[in-house]
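Q: Got a minute to go through this model with me? I'd like to start with the sheet and then move to the core.

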Amino acid sequence: MMPQSSPGAQAASAGPVGLTGARDVHYNALRHDPALSGLAMKFLPGKNVALAAALVALSSIVLSGLPGPKTRVVATIFPLFEFVRAVGGDRIEADLLVPAGADIHSWQPRFGDIKKMAGAGGLFLYLGADLEPWADDLIRNAAGPGWTVLEASRGLDLIEDADEAPQGAHGADPHVWLDFAQDQIIIDRIASALTDFSPEEAPYFRASAEAYKAKLEALDRRYREALGSCRGRRLLIGGHAAFAYLVRRYGFVQTAVTGPTPEAVPAPREMVRLVSLAKAEKITTVFFDPSSGDRLARILAAEIGARIRPLHPGHNLAVKAAVPTAFLDLMDQNLENLRHGLGCR
Ligand SMILES: [Zn+2]
């Protein structure tokens, strides 16, 4: 058995949760509860069985009209958390595993996080592509039997890590949420996984999935239109190489100071190479990840006489964010900074 959740955890307030099958049992038990029949009998002297049956039937109708317990969801990272909430709305109860402010590439679950996976079960939504190397252990050791796992990136068109930084790890590039077409596939997968838990909510999940996909499509269109004709085609990133999917989709290249994970330290020789490349191409903007700082971008920008602009990889929100920003808003802010930074018409 798993330890019970602490009172502060969302799981504790969820009530009866988990698998659809388990919930069906729960409701059927209420509908056919002998105690209800007995209660009906008690208030019906003369043992009017027909009336008693009618009363039981009525109570069944009332009970079946109650909202069912919400499906529990634990999503590992911010973009997936946003996607599942967009599809599930108030029909689900979602937790974000990697907290705001944490670096998703190096974060490790602690005991308090593991407890989120206790209880009757739900949907565990993770990206895959080696972004969460701890996920297998978490599922195997911490999750109760009622958990279903959805690996969002499975079978997607992933990019191999062939980035220009020498420290780059090998394997698939995990930043696939920056491909707004592939995000729509993830949205469909989420809708179908949630429907497996709550078949009666299928129309709701389908409708909200379609609505969010339409927003992603519109976003994709705005990117295409705004970035169709730009002076520069190279994104110089004063941080880690998180934008491979974005540059592939809109016909740019990225050159980043560090590899696909933020903790890598650039070699001095690499910095020298980037400075001469940027000067040769008359690059005017160095982009930086506002969630991990602008130190390297400033150094590089000072060397080449450029300015810096934020470009958010969408990994996570800053812990200090006064107002939580939606994923789509972040992507629109990115588009504005790309437009200005690359001199697009
Ligand atoms: Zn990253």
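A: Sure. One term up front: two strands pair if DSSP finds at least two bridges between them. Also, this is a predicted model.

Q: Fine. So in what sense do β1 and β3 pair, and over how many bridges?
A: Parallel, over 3 bridges. β3 covers residues 123–126. Within β3, Leu-123 is the bridge partner of Val-73.

Q: And β1 with β2?
A: That pairing is parallel too, over 5 bridges. β1 is residues 71–75, and β2 is residues 92–96. Thr-71 stands opposite Ile-92 in β2.

Q: What sits between those two in the β-α-β unit, and which hand does the unit have?
A: Helix α4, residues 78–88. With β1 and β2 it makes a right-handed unit.

Q: Zoom out. What's the strand order in the open sheet?
A: β2-β1-β3-β4. That is 4 strands, with parallel pairing. The edges are β2 and β4, each pairing on one side only. β4 spans 148–151.

Q: How many degrees does the twist average?
A: 20 degrees from one strand to the next.

Q: What about β3 and β4, how many bridges there?
A: 4 bridges, in the parallel sense. Leu-125 has Leu-150 in β4 as its bridge partner.

Q: Back to β1. How many of its residues are buried?
A: 5 of its 5.

Q: Which residues go on which side?
A: Thr-71, Val-73 and Ala-75 are on one side. Arg-72 and Val-74 are on the other. Both faces are covered. In general, side chains in a regular strand alternate between the two faces of the sheet.

Q: New topic: the largest nonpolar core. Which residues touch the most other members?
A: Ala-75, Val-84, Val-87, Leu-125 and Ile-190, out of 73 residues.

Q: Which helix gives the largest share?
A: Helix α7, residues 180–197, with 8 residues.

Q: Which domains does the core draw on?
A: Domain 2 (71–223) and domain 3 (228–341) each supply at least three residues.

Q: Is there a general tendency behind cores, and what is it?
A: In soluble globular proteins, nonpolar side chains tend to be buried together.

Q: Last one. What is Ile-190 in contact with, leaving aside neighbours within four places in sequence?
A: Phe-83, Val-84, Val-87 and Leu-125. Val-84, Val-87 and Leu-125 are also among the core residues that touch the most other members.

Methods
Residues numbered from 1 in each chain as written. Predicted model: local features only at pLDDT ≥ 70, side-chain atom pairs only at ≥ 80, totals over all residues. Buried ≥ 20, exposed ≤ 12 C-beta atoms within 10 Å, placed from the backbone. Right-handed = clockwise from strand over helix to strand, strands pointing away. Core = buried A, V, L, I, M, F, W, Y, C linked by C-beta atoms within 7 Å. Domains from an automatic or database assignment. Contact = placed C-beta atoms within 7 Å. Axes fitted to C-alpha atoms, helices over the stretch in contact; angles between N-to-C directions.
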